[in-house]
Amino acid sequence: MEAIRIERLSKTFNNGRKALDEIDLRIEPGEMVALIGASGSGKSTLLRHIAGFTVSDAQPSQISILGRPIQQNGRIVREVRSIRRDIGFVFQQFNLVNRLSVESNVLIGALARLPLWRRLTGRFPLTERTLSMNALSEVGIAEHAYERAATLSGGQQQRAALARALVQRARIILADEPIASLDPESSRRVMEMLRTLNAEYQLTVLVSLHQVDMAMQYCPRTVAMRRGKVVYDGPSSALTPALLKQLYGDDARELLDEKSSGEGTVAQSARYAFTLDPAPTV
């Protein structure tokens, strides 16, 4: 049973642009896979389809998570919320509530399994608070648990987002350009944390990146996209400059530019929260 299975996935925007074009992809449990491509290649769109945030074209297609379809033939399944509990989505812009404490942000990951009265009152049981503190210790920022999220650095906020995925008990982490707005040192720490979660917790990790060097250093497998298509799926070690030039032409410069490592331009990211799930299309 694959962690992620995608069959014949296509997405066409209202302006007629084909964002995804007949994507087929299999990712096994426990893999750590990089998703690379120049701007506009379809990386973020693909991740949002996998999470059930965005619906595909109305044609024969399917995305399954751990053996359960999350969308089929252009429709989100009714059980999307329960399936999404297995997915921790890490956003480029962290998706934390700045006015809340770091601990409270991390505890949001536990909301889906709590009764309604606890969700409404914010009264978390001791077991969940202990789990939250353990997760913050795991990512190395436990000392900041009671500070407002807004006071953390970008790298610390991203690690808080990873701690939230641990509290959620996610089995799959989808990370959408998690280091694009970080400095090189923070980028390294976040990527090392993703690798640690993959190795120690056997979490499946699919991380989109602009930087080929990061993909080669941290991810054994890379899926490369161009204009909505998968143009390479194989060992990261095989991504030589010559191969990238063959795959991307002049766009290869964007992936090889050392200046982009850890200090990319911050794009506007979509804001989703697991407590505010979009209603499924049925």
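These legends describe close-up views of one predicted model.

**Figure 1. The whole protein, with ten helices and eleven strands.** The radius of gyration of the protein is 18 Å. The globule rule gives 19 Å for 282 residues, so the protein is as compact as a globular protein of that length. Along the principal axes, the C-alpha atoms fill a box of roughly 55 × 45 × 35 Å. Of the 282 residues, 52% are buried. Contacts often join distant parts of the sequence: among those with a separation of 6 or more, 68% come from residues 24 or more positions apart.

**Figure 2. The surface and the charges of the protein.** The accessible surface comes to about 12700 Å². Carbon and sulfur atoms hold 49% of that surface. The protein carries 36 positive side chains and 30 negative ones. The centres of these two sets lie 8 Å apart.

**Figure 3. An aromatic cluster of Phe53, Phe89 and Phe91.** The structure holds three aromatic pairs. In one of them, the ring centres of phenylalanine 53 and phenylalanine 91 are 6.4 Å apart. Their planes meet at 20°, so this pair is stacked. The pair links distant parts of the chain, as its two residues are 38 residues apart. Phenylalanine 53 sits in the loop between helix 1 (43-50) and strand 4 (62-65). Phenylalanine 91 sits in the loop between strand 7 (87-90) and helix 3 (102-107). Both of these residues are buried. What kind of pair do phenylalanine 89 and phenylalanine 91 make? Their ring centres are 4.6 Å apart and their planes are at 40°, so the pair is tilted. Phenylalanine 89 is buried as well.

**Figure 4. Helix 1 and the glycine just after it.** Seven of the eight residues of helix 1 are buried, so the helix is largely enclosed by the rest of the structure. The buried residues of helix 1 are Lys43, Thr45, Leu46, Leu47, Arg48, His49 and Ile50. Just after the helix comes glycine 52, with a positive phi of about 80°.

**Figure 5. Valine 33 in strand 3.** Strand 3 covers residues 32-36. Is valine 33 buried or exposed? Its relative accessibility is 0%, so valine 33 counts as buried. Leaving aside residues up to four places away in sequence, valine 33 touches Ile27, Val205, Leu206, Val207, Cys219, Arg221 and Val223. Leucine 152 is 119 residues from valine 33 in sequence. In space, the two C-alpha atoms are 28 Å apart.

**Figure 6. Glutamine 156 in helix 6.** This helix runs over residues 154-168. The relative accessibility of glutamine 156 is 18%. Buried means under 20%, so glutamine 156 counts as buried. Which residues does glutamine 156 touch, not counting those up to four places away in sequence? They are Ile141 and His144.

**Figure 7. Arginine 189 in helix 7.** Helix 7 spans residues 184-201. Arginine 189 has a relative accessible area of 43%. That value falls between the 20% cut-off for buried and the 50% cut-off for exposed, so arginine 189 is partly exposed. Glycine 155 is 34 residues away from arginine 189 along the chain. The C-alpha atoms of these two residues are separated by 7.7 Å.

**Figure 8. Leucine 66, a residue with a positive phi.** Most residues other than glycine have a negative phi. Leucine 66 is not a glycine, yet its phi is positive, at about 50°. Leucine 66 is found in the loop between strand 4 and strand 5 (68-72). With 11% relative accessibility, leucine 66 counts as buried.

**Figure 9. Glutamate 177, in the loop between strand 8 and helix 7.** Strand 8 covers residues 172-176. What is the phi of glutamate 177? The angle is positive, about 50°, although glutamate 177 is not a glycine. Glutamate 177 is buried, with a relative accessible area of 6%.

Methods: Residues are numbered from 1 along each chain as its sequence is written. This is a predicted model: local features need pLDDT of at least 70, side-chain atom pairs count only at pLDDT 80 or more; totals for chains, interfaces and linings use all residues. Side-chain values use heavy atoms; hydrogens and water are left out. Rings of Phe, Tyr and Trp (its six-membered ring) pair if their centres lie within 6.5 Å; planes under 30 degrees apart count as stacked, over 60 as edge-to-face and the rest as tilted. Helices (H or I, at least four residues) and strands (E, at least two) are DSSP runs, numbered from the N terminus. Buried means under 20% relative accessible area, exposed over 50%, partly exposed in between (1.4 Å probe, protein chains only). The radius of gyration is taken over C-alpha atoms; the globule rule is 2.2 Å times the number of residues to the power 0.38. Contact means heavy atoms within 4.5 Å. Accessible areas come from the Shrake-Rupley method with a 1.4 Å probe; for residues, only the protein chains shown count as cover. Lys and Arg count as positive and Asp and Glu as negative; His and the chain ends are not counted. The place of a charge is taken as NZ of Lys, CZ of Arg, CG of Asp or CD of Glu.
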